[in-house]
Amino acid sequence: ERVRSVSDKRLSIARITHKGLALLDETSLRCNAIWDDVECRISRAESMMLAEICAKLSSGYSKTIRVDV
């Protein structure tokens, strides 16, 4: 949720709502489960290599990606 300052219209204060916190909790559980599965299948070296490849693929990429949860 975002609220504009009454005294300074340039100032915007953003806060996460209870609904947003609940969504983060749900998403975190799924992400942790996926990571646990991946962690069992690849080595630390492979994990680092994957992170490097993902960083290369995402650098300079400005298109917004929407992920439905």
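Which side chain has a polar atom 3.1 Å from the backbone nitrogen of Asp8? Keep that one in mind for a moment. First, the overview.

This is a predicted model. The protein has 69 residues. Its secondary structure comes to 2 helices and 2 strands. Along the sequence the order is β-β-α-α. So how much is buried? Only a small share to report: 4% of the residues count as buried. The accessible surface is about 6,700 Å². Carbon and sulfur atoms account for 60% of that area.

Now back to the opening question. The side chain belongs to Ser5. Ser5 sits in the loop between β1 and β2. One of its polar side-chain atoms lies 3.1 Å from the backbone nitrogen of Asp8. Is Ser5 buried or exposed? Buried, because its relative accessible area is 13%, and the cut-off for buried is under 20%.

Stay with Asp8. Its side chain meets that of Arg10 in a salt bridge, 3.0 Å from N to O. The two partners differ in class. Asp8 is partly exposed, at 26% relative accessible area. Arg10 counts as exposed, at 75%.

That brings us to the salt bridges as a group. How many does the structure hold? There are 4. Asp8 with Arg10 is one of them. Let me take two others.

Next, Arg15 and Glu1. They form a salt bridge, with the closest N and O atoms 3.5 Å apart. This pair links distant parts of the chain, 14 residues apart. Arg15 is in the loop between β2, residues 12-14, and α1, residues 18-41. Glu1 is in the segment before β1, residues 2-4. On accessibility, Arg15 is partly exposed at 46%. Glu1 counts as exposed at 53%.

Then Arg30 and Glu26. Their side chains meet at 2.4 Å, N to O. Both residues lie in helix α1. They are 4 residues apart, about one turn of the helix. Both ends are partly exposed: Arg30 has a relative accessible area of 42%, and Glu26 has 36%.

Back to the loop that holds Arg15. Ile16 is also placed between β2 and α1. What does Ile16 touch, leaving aside neighbours within four places in sequence? Leu21 and Leu24. There is a spatial link to Arg2 as well. Ile16 and Arg2 are 14 residues apart in sequence, and their C-alpha atoms are 8.6 Å apart in space.

On to the surface around the strands. Which residues form a nonpolar patch there with Val3 and Leu11? Ile13 completes the group. Together the three have about 230 Å² of accessible area. Ile13 lies in strand β2. It is partly exposed, with a relative accessible area of 42%. That value matters for membership, because patch residues need over 30% relative accessible area.

Now the second helix. Helix α2 covers residues 44-58, and Ser47 is in it. Ser47 is buried, at 18% relative accessible area. Which residues are in contact with it, beyond four places in sequence? Trp35 and Ile42.

Follow Ile42. Its place is the loop between α1 and α2. With the same kind of sequence neighbours left out, Ile42 touches Ser47 and Leu50. Ile42 is partly exposed, with a relative accessible area of 28%. Put the two residues side by side. Ser47 falls in the buried class at 18%. Ile42 falls in the partly exposed class at 28%. The boundary is 20%, so the two land in separate classes.

Last item, the cysteines. How many disulfides does the structure hold? The count is 0. Cys31 counts as partly exposed, at 44% relative accessibility. Cys54 is also partly exposed, at 41%.

To close, a short recap. The pattern is β-β-α-α. There are 4 salt bridges and 0 disulfides. Ser5, in the loop between β1 and β2, is buried. Ser47, in helix α2, is buried too. And the Arg15 to Glu1 pair links distant parts of the chain. That's it from me.

Terms used: Residues are numbered from 1 along each chain as its sequence is written. This is a predicted model: local features need pLDDT of at least 70, side-chain atom pairs count only at pLDDT 80 or more; totals for chains, interfaces and linings use all residues. Side-chain values use heavy atoms; hydrogens and water are left out. Buried means under 20% relative accessible area, exposed over 50%, partly exposed in between (1.4 Å probe, protein chains only). Accessible areas come from the Shrake-Rupley method with a 1.4 Å probe; for residues, only the protein chains shown count as cover. Patches are made of residues with over 30% relative accessible area and no salt bridge: like charges are joined within 9 Å, nonpolar side chains (Val, Leu, Ile, Met, Phe, Trp, Tyr) within 5 Å. Contact means heavy atoms within 4.5 Å. A disulfide is a pair of cysteine sulfur atoms within 2.5 Å. A polar contact is a pair of N or O atoms within 3.5 Å; within protein, one must be able to donate a hydrogen and the other to accept it, and residues adjacent in sequence count only if both atoms are side-chain atoms.
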